[in-house]
Structures are given as structure tokens and as C-alpha cells.
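Okay, thanks for coming, everyone. Let me put the structure up, and then I'll walk you through a few spots in it.

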Amino acid sequence: MSKVQTLPSSFPELPKQQQPVLYQEVLPNGLRVTLLEDREVPLIRGSLLMPGGQVSSPPEHVGLASIAAAVQRAGGSRAHPADQMDERLEDLAASLEASAGQQSTTFDFQCMTGDTREVLGLLGELLQQPALPRDKLSLVQAQVTNIISHRDDNASGVARRELYKLLYGQDSIYARTPTLSGVASLTPADLAAHIAAWQRPDGAILGLVGDFSSSDMMSTVKEVLGSWSPAAGQPAAPLARPHESLPDLPGVLAAAAAADAGNQQQQQQQQQQQQASQVVYLVDRPDAKQASVYTGEPGISLSDPDCYALDVLASTLNGFGGTLFDELRTRQGLAYSVAANWDSPVDHRGLFVAAAETELSGVLASVRVEPPTQQALDKARAGLLNSFVFNFASSYSQLQRTLVYQLLGLPQDFLFTYRDRVEAVTAEQVVEAAARHLHPQQQAVVVVGDAAVFGPQLTEAGFEVQALRPAPAE
């Protein structure tokens, strides 16, 4: 019988991560192009990013950006309608897909090196001559309608959606949701107008990575996409990416302002007032065996100097061994899944959101006054820093990060700056940031559960319970 080998106790240090060597140029039509050579396999991968995304959808047609991207790809171009484009891509063993996120619309593609010119040509056709057939629009509308019809099936999804509406406002571009009537009323002309307004070279960023010479590939891009121009009737400059400020939320924002100003007396007075009458918004879900609880408040943007300390704090709260998990699940057995995070967007103030199947304010209040132990701090920082290497797992992931940073206006060394700042976070900085940005007694709380069961329990616990009826999806 062979002897089991002893596992190694030490490992060599990971190589130092560095910025990739990029070849960048802006074409005469304004298209920004970034190239990254990777000769490992004879493949090309690329992405085209354009501002807009879901936030650019008009109020009467929320979801237009995603539907337009789906129909634009599924319908093909005038030269290669739907099935013809799919068949040609299949013949080339290539892929070309489109999607819309909150901030941008993206086209991703992959092909063999020798087919790059043709696949870029197909991409150019979709951008400049999309077919947008009615039958493809009808199919996507049916799919989205089905999703909307089932959006209340998941209790935690309802709680999260309603919390965002409370904090951002019902009609905010960051909280609004598609309606059945808005989706059903879309026409190919609506899609064409949206594409014309937001898909233009002087607002776009194209990136390619793979087996090529940068100079040769740049020549190919110029030949294929150099003639791309804004649609007729569009303004001289691309539209600015929409963004909004948070609405006036006196209870929460006043507490945050007091903390930021160091006015501890005012902050304590507001907390005492709110403790006596904190509102819980209860969405009735008859016969539900457990409640889904979401709590939140206005958070920070990426420019806030506390973002690094708050990310470390979130790391101490979450996961196995995290404060929320240990207290609410392991010790008290009150919840199976718990999580808390700050969203820190580039161009607007995000939210702090925590979720569980139980009340969370006690644990959240404790981290405002008790700094993490050195062991917890070291573990939290290590978790964030150890994940740093995965940003360099592939050349394509490095390229995508570069494109996103360009689109959002972030410096290319932001990731390295983030690593250094997280590494320098102290326990004192964590608790100070928590005191400035966490206000458990002023947070908006949404509970989805059986009102007959949980309503009396919440009232007995001292909360003011208000029934919340989600807006119908019509």
C-alpha cells in the first residue's frame, strides 16, 4: 500500500500582477478601440460597449433597452436576416450576442482569427442596418411578459424591488420596473429610435483580444467599422448617460448628514425618535411559512473615501464566519441566508441593503460601535485581496475590465489603487465608517410574509406596521 503524500505547507508567491500592454486608438468617427494580443490559441474575442442601458429607457417603455438588444440580435440585419445570420455564424463556429445592463448595451463576439473581418462585418450590419422584424419583437415581448407575470413568485425578489422603490422613488431610473402595457405597446419604430439615439461610434468602445498583430487588426477595424456614423437626424454629440440623485428622505438622510457632520447629539435624538416609531412596510403573502426581510438606506458612490472601509466591513459581515451568519444563523438559528452589502456606483449614490428571514438591526447596530477583531479584519481583507488575482484570470477578463473603466471614466489603475487602499484599512476606520453610514433605526424595512402572523408580532416588537401593496404589473 502506497504511502499518502504529505500536503505542502508552503507555496511560492504569486507573480506580481501588472497592467496588460494595450494598443489603443480613436478612429476618425470617434470609435475608441483597444487591442490586447494573446497568441495562445488562434481565437479572437471582442466586446463593443455603448452607454445607455436600462437607465436610458423612457418612462413609458421601461425595459426598452433590453428588448431592443434582444430583437436587434435575433432579427439579424437587412443583408443577413435572422436565420441567415445565425446560419452564417454557425458555419464559422462563431458567436455574436447582444445584451443591455443597467448602464450600457454590449455586443460580445468570438471567432477564429481568420474570420475576424467577416464577423466584424456582421456586427457592423447589426449596428447600421438592423432588420428589427415584427415577429422577433413579438417573441421577445411574450418572453418578457411571462417574466413580468411571475415577478411576484419569489418573496425576496418582491422585498428587494419594493425597498428600491421606497429608497430611490417609484419612478426612479434605478428602481422602476417594466409593465405589461408598456412592453405590449412597443413597436419596431420604438426600437429603431432607441438604437439610433444610443448606438453610435463616438460613444462606443470596442475591444478585441486574441491571436493577432495589433497594427494589422487596427487596420481591419478601420476598414470594416471606420464608415460607421451616427444615424440621420441625431445630434452632433452623443447623449450623456442618464443619472439621478436620491429623493428627499428626511428620516434617513438627516441622520446621515448628522453623522457626516459629527453631530452626535442630533444623531442620537433622531435615533431615539425613530426607535419609538420605526416603520416596517409589510407586504401580505398569505400562508407564507417564513418572512423575507430587506432593510436599507442611502449609501455611497465610488468616490466616497469610506468605500474601502465599508467593503471590508461588508466582508466581515458576510459568508461563513461573518458576523451576520454567526449571530443570526449559527447562534440564534433565526435565518438560513443572510447578506449585507454597499453598492457604490460611479455616477450616483448607491444603497446599503441587507437581507435575511429575520430582523437585522441589532447586529447592524453593534458594528457601529464595536470594531472588528484583528482576526476578523485580517480575514476580511484577505478575502478581498485574495480575489484580486481572479481579475487577471484571462486576457479577455482584463480587456473587459479596461473597456468598462473607459466607459465609466475610471482610471485604468483603479483596481491596483483599490487593492492598496483595502490593504491599508484599519479596524478603527471600519467602525468609524460604519458609524457614518449605518443607521439601523432609520432604515427602510420591507417584510414580505403572512400579515396575519407577522403583523401582530411586529407591532408587539414596537414597530409601526404599514401595509404595502406592490403596484400591479399592468
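Helix H3 covers residues 116–128, and its 13 residues should span 18 Å at 1.5 Å a residue; the end C-alpha atoms are 18 Å apart, so that agrees. The expected span here is 1.5 Å times one less than the number of residues. When I say helix, I mean a DSSP run of H or I of at least four residues, and a strand is a run of E of at least two, numbered from the N terminus. Buried residues in H3 include Thr116, Val119, Leu120 and Gly124. Buried is under 20% relative accessible area, exposed is over 50%, and partly exposed is in between, with a 1.4 Å probe and protein chains only.

Quick housekeeping: this is a predicted model, where local features need pLDDT of at least 70 and side-chain atom pairs count only at pLDDT 80 or more, while totals for chains, interfaces and linings use all residues. Residues are numbered from 1 along each chain as its sequence is written, and side-chain values use heavy atoms, with hydrogens and water left out.

Now over to H14. This helix also has 13 residues, and it reaches 18 Å from first C-alpha to last, close to the 18 Å expected. Which of its residues are buried? Leu377, Ala380 and Arg381. Looking down the axis, those buried residues fall within an arc of 95°, so they line one face of the helix; the arc is taken from the directions from the axis to the C-beta atoms. That fits the usual pattern: an α-helix has 3.6 residues a turn, so residues three or four places apart point the same way. On the other side of H14, Gln375, Lys379 and Asn386 are exposed. The cover over the buried residues of H14 includes H11, H16 and H17.

Those helices turn up again in the largest nonpolar core, which has 40 residues, with Leu313 and Leu324 touching the most other members. A nonpolar core, for us, is a set of buried Ala, Val, Leu, Ile, Met, Phe, Trp, Tyr and Cys residues joined through side-chain atoms within 4.5 Å. Elements giving two or more residues to this core include H11, H12, H14, H16 and H17, and H11 gives the largest share, eight residues. Beyond four places in sequence, Leu313 is in contact (heavy atoms within 4.5 Å) with Trp342, Val367, Val430, Ala434 and Leu438. Apart from that core lies another, of 35 residues, among them Leu31, Ala100, Leu206 and Val221.

Next, His437, in helix H17. At 9% relative accessibility, His437 counts as buried. Its side chain makes a 2.8 Å polar contact with the side chain of Asp306. A polar contact is a pair of N or O atoms within 3.5 Å; within protein, one must be able to donate a hydrogen and the other to accept it, and residues adjacent in sequence count only if both atoms are side-chain atoms. Leaving out neighbours within four places, His437 also contacts Glu297, Ile300, Asp304, Leu310 and Trp342, among others.

Last stop, Ser57, in the loop between strand S3 and helix H1. Buried or exposed? Ser57 is at 3% relative accessibility, so buried. Its side chain reaches the backbone nitrogen of Leu64 at 3.3 Å, and the backbone nitrogen of Ala65 lies 3.1 Å from a polar atom of that side chain. Past four places in sequence, Ser57 touches Arg176 too, among others.
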